[in-house]
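I opened this one to see what surrounds the ligand and how the pieces are arranged. My notes are below, in the order I looked things up.

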Amino acid sequence: MYDVAVIGGGPSGAVAAADLAKAGISTVLIERNLENVKPCGGAIPLGLIEEFNIPAPLVEKKLSMMSVRSPGGRTISMEMPNGYVGMVRRERFDSYLRDRAKRYGSAIVEAFVREIREENGRYSIHLSKGLPPVEASFIIGADGANSKTASALGFPPNELQVLAMQQRFGYCDTMKPYEELVEIWFDGEVSPDFYGWIFPKTDHIAVGTGTEFRRHDLKALQRRFIEKLGITETPYLEETAKIPMKPRKSFAADRVILVGDAAGLVTPANGEGIFFAMRSGRLGAEAMIGKIQNDKPLHAYEKKFRKLYSQIFFGLQVLQSVYYKSDRRRESFVAICEDRDVQRITFDSYLYKKMVPAPWTVQMKIFMKNIYHLTKGS
Ligand SMILES: Cc1cc2nc3c(=O)[nH]c(=O)nc-3n(C[C@H](O)[C@H](O)[C@H](O)COP(=O)(O)OP(=O)(O)OC[C@H]3O[C@@H](n4cnc5c(N)ncnc54)[C@H](O)[C@@H]3O)c2cc1C
């Protein structure tokens, strides 16, 4: 019998379990596969690395150079003067976070959660492998985009979902120029409604693309991307998963909350989820501690998350709706990225997830440029 069962041992669940255990709450983390390799680009902002004290060896690359490419092949290079994008490999990253939770005192159980029953004011969590059920007073659902916790306990659906695919290639001559560069392709042939990415790691390059779930042939898009890049090698790993890019209508109830992908906390337009998974894991654990120690409502967690991040989600949703619609619009978007103020605002907001206010003269200039490029179509 535990105070809290955290279901799912990705970044959101591992952070929640660590924070709870550290506060002396009896916690169990249930993960179906401790060797799991989550399909993911593994790009994380500097703010995350600092806040969660990610050890240097886990951050395989610190990249401050980035380029964006338009449908017509126009490439804009951008440099981050005040920070970098960190590149991690999820198999190492997640495992480190789970070990940290264990070091703080969380129990770890490797099993698949099959069923959750509510009996006499507590939860009985039924597991695979013939293991006995786990009993807990509270649950944190951190079990990803297809969350069983959410469906078993009656949360509204995860709505806007992108299906994304990524292939890992060993370094070859064609990909050498990308060793220290993140490149994003805004090209309808690579993705008609999302984007394609090239992320370098120490021992491989990850190339991937995404598209709205069930709208296009994802494999064909990825094939075209690889052809366009001129890669002839065979990937050594291929991974596909959903990205839920819209918060569920509600993700907190009286005795259970959802965090990370289970709650739909991935930003539109860029599909960034690791930061929000870890932040929601932390905020969720904070609310759980308040509930257990002072009977404070768990809904405070959802309220706080929305207060902190709704503006960012809304801004990126607008950006995606306006600019990801056609190649003409994508061409305009890449043209706008050439503006130094746009680059500065984008990177500052990305690195620490704070909307950085710009002087009104800069805002006016950017607004006018948007109108100009959208009208001109380049
Ligand atoms: C192809 C792709 C590329 C991406 N690239 C990036 C990127 O570069 N940067 C970024 O920030 N985000 C990226 N994302 C998004 C990011 O991967 C997720 O937002 C993030 O992993 C969410 O973390 P989480 O802990 O909430 O969920 P997950 O990482 O999905 O973890 C859920 C865990 O729950 C476990 N689980 C599931 N069901 C059960 C069950 N019934 N019982 C027990 N355990 C269970 C799973 O095994 C898994 O370990 C990408 C996503 C995809 C698909």
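These entries go from the domains to the ligand shell, then to a sheet and some helix packing.

**Entry 1: domains.** First a reminder to myself that this is a predicted model. I looked up the domain assignment for the protein chain, and it gives domain 1 (2–41 + 90–159 + 248–314), domain 2 (63–88 + 160–244) and domain 3 (322–376). I also checked how far apart the centres of domain 1 and domain 3 are, taken over C-alpha atoms, and got 35 Å.

**Entry 2: where the ligand sits.** Why does the ligand lie between domain 1 and domain 2? Both of them give residues to the shell around the ligand, so that puts it between the two.

**Entry 3: the shell.** I went through the 40 residues around the ligand and noted which come nearest: Gly8, Gly10, Gly41, Gly260 and Gly273. By residue type, I have 18 nonpolar, 15 polar and 7 charged residues in the shell. Then I asked which helices and strands each supply at least two residues of the shell. On the helix side I wrote down H1 (11–22) and H6 (274–294). For strands I have E2 (27–31), E3 (43–45), E12 (161–169) and E16 (237–244).

**Entry 4: a sheet with E3 in it.** E3 was on my shell list, so I followed that strand into its sheet. The sheet is open and has 3 strands, ordered E3-E7-E4, with antiparallel pairing. E3 and strand E4 (61–63) are the edge strands, each pairing on one side only. From one strand to the next, the twist averages 30°. I looked closer at E4 and strand E7 (residues 85–87), which pair in the antiparallel sense over 3 bridges. As for Lys61, I found that its bridge partner in E7 is Met87.

**Entry 5: helices packing on H1.** H1 was on the shell list as well, so I checked how other helices pack against H1. How are H1 and H6 oriented to each other? They pack at an angle of about 30°, with the axes 7 Å apart. Angles under 35 degrees count as roughly parallel, and H1 and H6 are therefore roughly parallel to each other. I noted their crossing as right-handed.

Next I took H1 with helix H3 (residues 90–104). Here the axes come within 8 Å and cross at roughly 15°, so H1 and H3 are roughly parallel to each other too. The crossing of H1 and H3 is left-handed.

Note on methods
Residues numbered from 1 in each chain as written. Predicted model: local features only at pLDDT ≥ 70, side-chain atom pairs only at ≥ 80, totals over all residues. Near = placed C-beta within 6 Å. Helix = DSSP H or I, 4+ residues; strand = E, 2+ residues; numbered from the N terminus. Nonpolar A, V, L, I, M, F, W, Y, C, P; charged D, E, K, R; others polar. Domains from an automatic or database assignment. Pairing = 2+ DSSP bridges. Axes fitted to C-alpha atoms, helices over the stretch in contact; angles between N-to-C directions. Parallel < 35°, antiparallel > 145°, perpendicular 65-115°, else oblique. Left-handed = near helix turned anticlockwise from the far one by under 90°.
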